[in-house]
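Subject: Structure handover and notes

Dear colleague,

Please find below the structure I said I would pass on. My notes come after it.

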Amino acid sequence: MFIFVKKQSNIVNILFSFFFILSTLRCAPTKFNGACDPESENFLFSALLEFGSTDGSFLCPLFSGLNPLRLDYGTDFLVIKQGEPIGNLKPFVSEPIDHCESTPPLPPGIILNDINCEISGTSTVGLNATKYLITAKNQNKQISTSLVIKSLFVPKFVFVANLGSNLIFSYTIDTTTGVLNTTGFVAAGGGPESMAISPNQKYLTIANRNTNNISHFSINQTNGNLNLIGDVSSGGNTPISVNYHPTKDLIYIRNSDNISIFSVNPTTGNLGLINTVPTPYASSNILVDHFGNFLYETFYNGNLIGAYRIDLVTGLLSPNPIQTIPTDIRPKKMAFHANGKTLYVSYDTSSHISTFQIDTNTGYMSSVFPQTSSTGVVSGTITTDPIGRFLYMTNRDTNTISMYATSPLTGELVPLSPNTIATGTEPLGITVDPSGNFLYNTNIAAGTAGIFLINQSNGILTPNGNVGTSTSPAVILTAGTNP
């Protein structure tokens, strides 16, 4: 199974076609009849189709050797499921090629045909979004195209942070029904308000707001039990958000007065503070983009969103934001679309969701669509499914979850019908499992976690019971596993 996003036409090819047409008309032969003849009335149309298309339907012998080599999969983003065959993804190639290769090599189980660039196979591992450079060559030409591939992890565990008791509960996931079974709990620091799972799914890191420290655990890959590696100072005051770098062994912590960066020993899991960056405004959430190039944060008191550049080698942040843009009042939570090109923002006391387009080369944000309304007023948290089809938001004041479809191309939100589904009392935390089949939420006043099935066709949620937690469950996360 695979999901893809369609590319737009290549403007450079179209501009090149005009230059070629003008030079050809000056020395055209006397008279021919076909659409490939420079004197034909249809020649201009044929040339535009040839240089602007990617399906090879309008090739003329006259263009042979002049047209640049083209390689197009019809998508730049591919989501596959671990253990499920993807069929054959065959690209358009504008002329015969001799060799095809990928840098880095494709995920285990996924095969790149080195003659025609066709992609097939079955992924044997889960993998976060990774960019691959596919290069096609023949004797005279070479072309490369980027393809982002994400292989979904098999869902395994759920973790709930309880603000009232400072306990972290662990659950296993029934991969058929989504039902949760409690396996145990451990104590974190005071006020565990934010959690993050490492990209390799082996560590759980918790920011403890009331005790100014971080609780760092390893995850037992069999039963999900948590083993404390250590509690360390957060590197600042009032840690409220934690996020991992997607490819480096680094953790970013948003304190009230700075962003601190910790290294993670890949063998022991031990943390080490390596840098801090002062920040001008109080924040409520930080989020690193899919490729680890930029960090985004909501300036809660400044009604802004800021973007920081991440050094490609060291993973350190630039000392100042590269961009800040205004938002609605009290921006609180963020979530990325699966393709990494759209950022969603919810607000503390607003019924809107903002949608921002991200330039993945520069990190700059732009607002294209009007704000999307929600039925609630006091929002909780937003989450997207890992395939890039749906977005969900908890509404604390109406005890509901709002449901939206997301455009795979632009990320635009479209309310589902019905738009909401009932939850327990005061839903706050929300998450979708790594396979995109199940949704879970915390009900902070009821002391429960809700379980929902996601309709894979339309995104509508179906309740499938709930499970008990401790006092004031606030944050919920899921983890996957590899064989």
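The notes below go from the whole chain to a few local sites.

Overall

Please keep in mind that this is a predicted model. The mean pLDDT of the chain is 88, and 86% of the residues reach at least 70. Two stretches fall well short of that. Over residues 4–22 the pLDDT stays under 50, and the model has 35 contacts beyond four places in sequence for them. Residues 24–32 also stay under 50, with 13 contacts of that kind. Where pLDDT is low, the predicted coordinates should not be read in detail. I would apply that to the contacts of both stretches.

The chain has 483 residues, of which 54% count as buried. Its secondary structure consists of two helices and 38 strands. Among contacts with a separation of 6 or more, 51% are between residues 24 or more positions apart. The exposed area of the chain is about 19,600 Å², and 54% of this comes from carbon and sulfur atoms.

The disulfide

The count of disulfides is one. It joins cysteine 100 to cysteine 117, with an S to S distance of 2.0 Å. The two cysteines are 17 residues apart: cysteine 100 sits in strand β5, while cysteine 117 is in the loop between β6 (110–112) and β7 (119–121). The torsion about the S-S bond is about 110 degrees, so the disulfide is right-handed. Is cysteine 100 buried or exposed? Cysteine 100 has a relative accessible area of 2%, which is under 20%, so this residue is buried. Cysteine 117 is also buried, at 0% relative accessibility.

Strands β5, β8 and β9

The strand that holds cysteine 100 also takes part in strand pairing. Strand β5 (residues 99–103) runs antiparallel to strand β8 (residues 127–137), with five bridges between them. Within β5, serine 102 is placed opposite isoleucine 134 of β8. Strand β8 also pairs with strand β9 (residues 142–152), again in the antiparallel sense, over nine bridges. In that pairing threonine 135 has serine 144 of β9 as its bridge partner. The connection from β8 to β9 is a hairpin of four residues.

The loop between β25 and β26

Two residues of this loop are worth a look, asparagine 339 and lysine 341. The loop lies between β25 (331–336) and β26 (342–347).

Which of its residues is buried? Asparagine 339 is, with a relative accessibility of 6%. A polar atom of the asparagine 339 side chain lies 3.4 Å from the backbone oxygen of proline 408. Beyond four places in sequence, asparagine 339 touches Phe77, His290, Pro408 and Leu409. Pro408 thus appears both in the contact list and in the 3.4 Å pair.

Lysine 341 is partly exposed, because its relative accessible area of 30% falls between the 20% and 50% cut-offs. Its contacts beyond four places in sequence are Asp76, Phe356, Gln357, Ile358 and Thr360. For one of these, glutamine 357, the C-alpha atom is 5.9 Å from that of lysine 341, although the two residues are 16 apart along the chain.

Best regards

Terms used:
Residues numbered from 1 in each chain as written. Predicted model: local features only at pLDDT ≥ 70, side-chain atom pairs only at ≥ 80, totals over all residues. Heavy atoms only, no water. Buried < 20%, exposed > 50% of the residue type's maximum accessible area, 1.4 Å probe, protein only. Contact = heavy atoms within 4.5 Å. Pairing = 2+ DSSP bridges. Polar contact = N/O pair within 3.5 Å; in protein donor to acceptor, adjacent residues only side chain to side chain. pLDDT = per-residue confidence, 0-100. Areas by Shrake-Rupley, 256 points an atom, 1.4 Å probe, with all protein chains shown as cover. Disulfide = S-S within 2.5 Å.
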